[in-house]
Amino acid sequence: MASIFTKIIDGNIPSYKIAEDDACYAFLDINPAAKGHTLVIPKKETDYLFNLEPDELSGLTLFAQKVACGIDRALQPIRTGLIVEGMEVPHAHIHLIPIYKPSQNFSLGKKTDLDENQMKELARRIREEVRL
Ligand code: AMP
């Protein structure tokens with residue numbers, strides 16, 4: 001059965017899309033640890049990130065860099081951090097989490113309440129600044 005993230009890539013489940021290329025897809029996390037928290041995933045469905053082929057992992061990482069630079073330009077955090085955990089959804093993903101203050105709790109889990117319009121607007125702003 002397709003993972004929830006494959007369903008998102010295929011357009012069968014909606015997402016706040018940020019960017020896409022042949023091999024990768026980025027969208028907002030629906031339980032944001034911070035404003036602009038973004039997930040970057042390979043289109044190839046693999047549970048464990050480090051089971052990707054080396055060229056797939058490097059392609060995903062370079063794609064994540066472009067998305068993170070877009071987040072930085074759009075939202076101006078101090079910087080954007082990266083977490084890989086993957087215990088909930090069995091489809092490899094990189095969390096990109098903007099850090100707005102040094103004391104920010106830099107861990108996963110919903111810490112920011114954003115309504116649908118705010119999520120749409122955040123996605124739009126980041127999308128505009130991502131240069132693939
Ligand atoms: P983890 O597998 O623990 O690294 O985290 C999975 C992440 O996927 C969580 O932060 C969830 O909030 C996020 N998530 C789950 N379903 C969706 C969805 N439909 N759209 C966006 N994010 C999702």
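Around the ligand there is a shell of 16 residues, and D29, N31, E85, H93 and H95 are the closest of them. Please keep in mind as we go that this is a predicted model. The space that the ligand takes up is the largest pocket. If you would like to see which elements build the shell, start with α1, residues 4–9, and β2, residues 24–28, since each of these supplies at least two residues. Helix α1 gives the most, with 3 residues.

Let us look at some individual contacts of the ligand. H93, one of the closest residues, places an N or O atom of its side chain 2.7 Å from an oxygen atom of the ligand. The backbone takes part too: a polar backbone atom of E88 is 2.9 Å from a ligand oxygen, and for V89 a backbone N or O atom lies 3.0 Å from an oxygen atom of the ligand. How much of the ligand does the protein bury? Taken alone, the ligand exposes 510 Å², and the protein buries 91% of that.

Just ahead of α1 in the chain you will find S3, in the segment before that helix. S3 has a relative accessibility of 6%, so it counts as buried, the limit being under 20%. Its side chain is in polar contact with the side chain of H91, at 2.7 Å.

Now turn to the charged side chains, where the count comes to 9 salt bridges. One of them joins K43 and E20, with 2.8 Å from N to O. This pair ties together distant parts of the chain: E20 belongs to strand β1 (residues 17–20), K43 sits in the loop between β3 (38–42) and α2 (54–75), and the two are 23 residues apart. Both partners fall in the middle class of accessibility, as K43 is partly exposed with a relative accessible area of 25%, and E20 is partly exposed at 30%.

A second example lies further along the chain, between K120 and E116, whose closest N and O atoms are 3.4 Å apart. Why are these two about one helical turn apart? Because they are 4 residues apart within helix α3, which spans residues 116–129. K120 is partly exposed, with a relative accessible area of 44%, and E116 is partly exposed as well, at 48%. Salt bridges can also share partners, and in this way K17, E20 and K43 are joined into one network.

A third pair is D113 and K110, which form a salt bridge with the closest N and O atoms 3.4 Å apart. Is D113 buried or exposed? At 66% relative accessibility, D113 counts as exposed, because the class begins over 50%. K110, with a relative accessible area of 47%, is partly exposed.

The loop between β5 (94–99) and α3 deserves a visit of its own. K111 is found there, and with 37% relative accessibility K111 counts as partly exposed. To get a feel for distances in the model, try picking out G59: its C-alpha atom is 30 Å from that of K111, and the two residues are 52 apart along the chain. Q104 is also in the loop between β5 and α3. In contrast to K111, Q104 is buried, with a relative accessible area of 15%. The side chain of Q104 reaches the backbone nitrogen of Y100 at 2.7 Å.

One last stop concerns the backbone. Most residues other than glycine have a negative phi. Q76, however, has a phi near 55°, a positive value in a residue other than glycine. Where does Q76 lie? Q76 is in the loop between α2 and β4 (79–83). The residue is exposed, with a relative accessible area of 59%.

Technical notes:
Residues numbered from 1 in each chain as written. Predicted model: local features only at pLDDT ≥ 70, side-chain atom pairs only at ≥ 80, totals over all residues. Heavy atoms only, no water. Salt bridge = Lys/Arg side-chain N within 4 Å of Asp/Glu carboxyl O. Buried < 20%, exposed > 50% of the residue type's maximum accessible area, 1.4 Å probe, protein only. Near = heavy atom within 4 Å. Polar contact = N/O pair within 3.5 Å; in protein donor to acceptor, adjacent residues only side chain to side chain. Areas by Shrake-Rupley, 256 points an atom, 1.4 Å probe, with all protein chains shown as cover. 1 Å grid on protein atoms, 1.4 Å probe; cavity = no way out; pocket = protein on both sides within 12 Å on 5 of 7 lines; lining within 4 Å. Sits in = over half its atoms within 2 Å of the grid points.
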